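Reader: I'd like a close look at just one part of this one: the sheet and whatever sits around it. Walk me through it strand by strand, and keep your cut-offs where I can see them.

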Amino acid sequence: MLTQPSTAAGVDGAAPPDSAGIMTRYPFVLPRGYVDEQGRVHREGVMRLATARDEIASQSDPRVRQNPIYLSVLLLARTVVQLGAAPAVDALVIENLFASDLAFLQDLYRRINQEGHTEADVTCPACGHGFAVDIAGDAPGES
């Protein structure tokens with residue numbers, strides 16, 4: 001769930017576009033929250049769009065070669081730029097999230113980094129109903 005926009009945020013609840021007009025940072029609220037060593041709960045955070053470098057560096061990490069599932073931990077550690085008042089977000093912070101919060105962030109990562117790539121918002125010319133269409137070409141269940 002994205003947080004309510006601040007006064008400077010965009011209409012869709014995401015952070016305002018940067019100077020180039022591209023939305024690159026997305027605020028969020030974790031379902032449960034990260035509990036730090038002092039017992040403080042951190043729920044509000046910001047995730048930025050991933051770069052090619054994020055993907056390449058994470059995939060070549062030795063921990064990913066040993067355990068491919070660790071890729072999502074590294075990607076989130078690189079792209080979650082703020083989590084409450086925690087001084088930094090690193091792989092150890094991501095590892096210590098509750099499973100529901102990890103799943104939430106994995107879904108958020110997938111949504112913000114794939115937005116606009118395979119789906120397009122369209123409107124039916126006959127009835128005016130708006131919906132999303134996967135422009136990748138494959139319908140679910142087809143190969």
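Author: Two strands are said to pair if DSSP finds at least two bridges between them. The strands (E, at least two residues) and helices (H or I, at least four residues) are themselves DSSP runs, numbered from the N terminus. Before the tour, some housekeeping. This is a predicted model, so local features need pLDDT of at least 70 and side-chain atom pairs count only at pLDDT 80 or more, while totals for chains, interfaces and linings use all residues. Residues are numbered from 1 along each chain as its sequence is written, and side-chain values use heavy atoms, with hydrogens and water left out.

For context, the chain has five helices and five strands, arranged along the sequence as β-β-α-α-α-β-α-α-β-β. The part you're after is an open sheet of three strands, ordered S1-S2-S3 with antiparallel pairing. S1 and S3 are the edge strands with a single partner each, so one side of each has no neighbour in the sheet. On average, neighbouring strands here are turned by 25° against each other, direction ignored. For angles, axes are lines fitted to C-alpha atoms (for helices, over the stretch in contact), and angles run from 0 to 180 degrees between N-to-C directions.

Start with S1 and S2. S2 covers residues 41-48 and is joined to S1 by seven bridges, the two running antiparallel. If you want register markers, Phe 28 has Gly 45 as its bridge partner in S2, and Arg 25 is matched with Arg 48. The hairpin has five residues between the strands, and Gly 39 there takes a positive phi near 85°.

Val 35 belongs to S1, which spans residues 25-35. With a relative accessible area of 36%, Val 35 is partly exposed; on this scale buried means under 20%, exposed means over 50%, and partly exposed is in between, with a 1.4 Å probe and protein chains only. Together with Val 41 and Phe 98, Val 35 makes a nonpolar surface patch of about 250 Å². Patches take residues with over 30% relative accessible area and no salt bridge, joining like charges within 9 Å and nonpolar side chains (Val, Leu, Ile, Met, Phe, Trp, Tyr) within 5 Å. Accessible areas come from the Shrake-Rupley method with a 1.4 Å probe, and for residues only the protein chains shown count as cover.

Over on the other side, S2 meets S3 (residues 80-83) through three bridges, again antiparallel. Met 47 finds its bridge partner in Val 80 of S3.

Now for what sits around the sheet. H5 lies across S1, S2 and S3, running at about 170° to S1. H3 (residues 70-79) has seven of its 10 residues buried, so the rest of the structure largely encloses this helix. The buried residues are Tyr 70, Val 73, Leu 74, Leu 75, Leu 76, Ala 77 and Thr 79. They pack against S2 and S3 as well as H1 (52-59), H2 (62-66), H4 (91-95) and H5 (99-114); a contact is heavy atoms within 4.5 Å.

The charges deserve a look too. A salt bridge here is a side-chain nitrogen of Lys or Arg within 4 Å of a carboxyl oxygen of Asp or Glu, and a search of the whole structure turns up six. Arg 48, the bridge partner of Arg 25, forms a salt bridge with Asp 54, with the closest N and O atoms 2.7 Å apart. Both of those residues are buried, and Asp 54 has a relative accessible area of just 2%. Asp 54 also forms a salt bridge with Arg 78, at 2.9 Å between the closest N and O atoms. That pair links distant parts of the chain, with Arg 78 in H3 and Asp 54 in H1, 24 residues apart. Arg 78 is partly exposed, at 33% relative accessible area.

There's a further salt bridge between the side chains of Arg 63 and Asp 61 (3.0 Å, N to O). Arg 63 is partly exposed at 39%, whereas Asp 61 counts as buried at 16%. Back at Arg 48, Asp 54 and Arg 78, salt bridges that share partners join the three into one network.
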